[in-house]
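Hi,

Here is the structure I promised to pass on to you. Have a look at it first, and then read on for what turned up.

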Amino acid sequence: YSWRHQMREFKSEYRVVALDLRGYGETDAPTHRENYKLDCLITDIKDILESLGYSKCVLIGHDWGGMIAWLAAICYPEMVIKLIVVNFPHPSVFTEYILRHPSQMMKSSLYYFFQMPWFPELMFTINDFKTLKNLFTSPSTGIGRKGCKLTAEDIEAYLYVFSQPGALTGPINHYRNLFSCLPLQHHEVTMPTLLLWGERDPFMEVEMAEITRMYVKNQFRLTILSDASHWLQQDQPDIVNKLIWTFLKEESRKRE
């Protein structure tokens, strides 16, 4: 649902597939935490691509999906023609930066909160899912002030999915396996890469975006949108779509 603006935009020239990852929506939701390790999630992407009859794709990911997209591109470079990531740095940048910058560790405190069993799920359900609503709508963490606000229908769509019995455990289990394949043995990204970043992201410091450049051994384009939030593809869909179109139309050229 978070990619609704992009699915409408790019279907004219591409087959566009947006995934509910395991544990989300009506996708299968294994109960055990180890079923959400990053290597499982990366393999899911490869398996789904092949089941659709393709061997290559343009891969796009946001936030946690961005982490998975980076890792899929590193582990299966032959599968990814171009990589587009929204508001998540290269995984090695993230893990190294967070250890050296207490401010980023504080901004990532939700990840540590999610390591506890059952309690995070309980907290999200209290007071008719108030915490979840605030995540999308509050001035500090919600969609940017100058962006496309979520409608009441959008909020209801999210609440409907996450209010189903047990629907929060799968998504939180993703974060419970945050470090399951880190540190990485291989770091290099070898395909053209576009990194889009909302500067008003309260969870990720923008300095990590520029550092990411050193890990991409091909064309790397970074665009930072000053008035955009963490929810970039919903916050500024027209600008995001335009930037993606430009990147997709460009001829690939490796760094000299």
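Let me begin with helix α9, where Gly-170, Pro-171, Ile-172, Asn-173, His-174, Tyr-175 and Arg-176 are buried. Please keep in mind throughout that this is a predicted model. Helix α9 spans residues 169-176, and 7 of its 8 residues are buried, so the rest of the structure largely encloses it. What does the covering? The cover over the buried residues of α9 includes α2 (38-51), α3 (64-75), α6 (109-113), α7 (119-137) and α8 (152-162).

A good residue to click on next is Phe-114, which sits in the loop between α6 and α7. Its relative accessible area is 6%, and because buried means under 20%, Phe-114 counts as buried. Leaving aside residues up to four places away in sequence, Phe-114 touches Pro-120, Phe-124, Ile-172, Tyr-175 and Arg-176. Among these, Ile-172, Tyr-175 and Arg-176 are buried residues of α9. Phe-114 and Ile-172 are 58 residues apart along the chain, yet 6.3 Å separates their C-alpha atoms.

Now to the sheet. It is open and made of 4 strands in the order β1-β2-β3-β4, with parallel pairing. The edge positions belong to β1 (57-62) and β4 (220-225); each has a single partner strand, so one side of each has no neighbour in the sheet. On average, neighbouring strands are turned by 15° against each other, ignoring direction. Strand β3 (residues 193-198) runs parallel to β4 and is joined to it by 6 bridges. If you would like a pair to find your bearings there, Leu-196 stands opposite Thr-223 in β4. Helix α12 (residues 237-249) packs on this sheet and touches β1, β2 (80-86), β3 and β4. The direction of α12 makes about 165° with that of β3.

Finally, the surface. Which residues form a nonpolar patch there? They are Leu-99, Met-105, Tyr-112 and Phe-179, and together they have about 410 Å² of accessible area. One of them, Met-105, belongs to helix α5 (residues 102-107). Met-105 has 34% relative accessibility, so it counts as partly exposed, in contrast to Phe-114, which is buried.

Happy exploring, and do write back with any thoughts.

Best wishes

Key: Residues numbered from 1 in each chain as written. Predicted model: local features only at pLDDT ≥ 70, side-chain atom pairs only at ≥ 80, totals over all residues. Heavy atoms only, no water. Pairing = 2+ DSSP bridges. Helix = DSSP H or I, 4+ residues; strand = E, 2+ residues; numbered from the N terminus. Axes fitted to C-alpha atoms, helices over the stretch in contact; angles between N-to-C directions. Contact = heavy atoms within 4.5 Å. Patch = residues over 30% accessible without salt bridge, like charges linked within 9 Å, V, L, I, M, F, W, Y side chains within 5 Å. Areas by Shrake-Rupley, 256 points an atom, 1.4 Å probe, with all protein chains shown as cover. Salt bridge = Lys/Arg side-chain N within 4 Å of Asp/Glu carboxyl O. Buried < 20%, exposed > 50% of the residue type's maximum accessible area, 1.4 Å probe, protein only.
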